[in-house]
Amino acid sequence: MKTKTCLALTLCAAGLPAAQAYTVGITPGQRALFLQVGTGTMSGGYFSAGGTPGNNSTVNTASVTVPSAQLGSGTAQAMTTNSTVTSSPFEGYGFCNSPATTGQIYVGGFYRVPGSTGAAATLSVTTPANLVNANGDTVAFSTIAWTSSGNGDSSPTIPSGSFTGGSQGLLSVTRNTWFESCLAFRYLNTQIVPAGTFTGRATFTLTAP
């Protein structure tokens, strides 16, 4: 069984021609997976109010416009997001900081089974090799990285890292466990690229055997 959600990433080149995170045990129950990346649906807090997860088709974006004077300078550019999620759907705690100022995107969910034995679930992300603009110019997806954090936690659950262009494992989720992180994306800005809007999509997947 598996569940997927997506994040669209946009990089704009201008001016040239042509959480720390969190895991907690949950009560065993009916076999289920839940994954939220950015905007999601939970009817009440999962822990505090016995909330029920729902489907949400929203695809949030992370984007950045690089000033022409900075293109290819090697100075990383923080990406912003249209996600507004700051509170954990687990118990309503303000786990992420304001996306409007930090660009943080909430990533969390759970893996639940009836008993206390069984293999772990796997959180992964898949991206194409490149972001592409309307002219077919490309920027490698590996030039986008993230920092993982979360208010009140001392070490990341989803490790900080960068996309590899392809499928990559992010986290092993033990049975009957809730996990969450706040990911702040940045463009590494190590090359000069043509002007244009480069787009690509990262698909996060939570899979259980």
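This passage describes the overall make-up, the disulfide, an aromatic cluster and a buried asparagine of a predicted model.

The protein chain contains one helix and 17 strands. Of its 209 residues, 46% count as buried. The accessible surface of the protein chain amounts to about 8,900 Å², and carbon and sulfur atoms account for 51% of that surface.

A search of the whole structure returned one disulfide. This bond connects C96 with C182, at a sulfur-to-sulfur distance of 2.0 Å. The two cysteines belong to distant parts of the chain, 86 residues apart: C96 is placed in the loop between β8 (80-81) and α1 (99-102), whereas C182 is placed in strand β16 (residues 177-187). The angle about the S-S bond is -95°, and the link of C96 and C182 is left-handed. Both C96 and C182 are buried.

Eight aromatic pairs are present in the structure. In one of them, the ring centres of F34 and W178 are separated by 6.2 Å and the ring planes meet at 40°, so this pair is classed as tilted. Because F34 is located in strand β3 and W178 in strand β16, the pair ties together parts of the chain that are 144 residues apart in sequence. Both partners, F34 and W178, are buried. W178 also pairs with F90, again in a tilted arrangement, with 5.1 Å from centre to centre and 50° between the planes. Here too, distant parts of the chain are linked, as F90 lies in the loop between β8 and α1 and W178 in strand β16, 88 residues apart. Strand β16 thus contributes W178 to both of these pairs, and strand β16 also holds the disulfide cysteine C182. The loop between β8 and α1, in turn, carries both F90 and C96.

F34, F90 and W178 are joined by F110 in one aromatic cluster. F110 is part of strand β9 (residues 104-112). The C-alpha atoms of F110 and F34 are 5.3 Å apart in space, although 76 residues separate F110 and F34 in sequence. The burial of the cluster can be stated residue by residue. With a relative accessible area of 0%, W178 falls under the 20% limit and is therefore buried. F110 has a relative accessible area of 2% and is likewise buried, as is F90, for which the value is 4%.

A second approach of strand β3 (residues 32-37) involves A32, which is situated in this strand. A32 and R112 are 80 residues apart in sequence, yet their C-alpha atoms lie 5.2 Å from each other. At 15%, the relative accessible area of A32 is also under the 20% limit, so A32 counts as buried.

N189 is found in the loop between β16 and β17 (196-207). The relative accessibility of N189 is 0%, and this residue is accordingly counted as buried. The side chain of N189 reaches the backbone oxygen of T75 at a distance of 3.1 Å. When neighbours within four places in sequence are left aside, N189 is in contact with V66, Q70, L71, G72, S73, G74, T75 and Q77. T75 therefore appears both in this list of contacts and as the residue whose backbone oxygen is reached by the side chain of N189.

Definitions and conventions: Residues numbered from 1 in each chain as written. Predicted model: local features only at pLDDT ≥ 70, side-chain atom pairs only at ≥ 80, totals over all residues. Heavy atoms only, no water. Disulfide = S-S within 2.5 Å. Helix = DSSP H or I, 4+ residues; strand = E, 2+ residues; numbered from the N terminus. Buried < 20%, exposed > 50% of the residue type's maximum accessible area, 1.4 Å probe, protein only. Phe/Tyr/Trp six-rings, centres within 6.5 Å; stacked < 30°, edge-to-face > 60°. Areas by Shrake-Rupley, 256 points an atom, 1.4 Å probe, with all protein chains shown as cover. Polar contact = N/O pair within 3.5 Å; in protein donor to acceptor, adjacent residues only side chain to side chain. Contact = heavy atoms within 4.5 Å.
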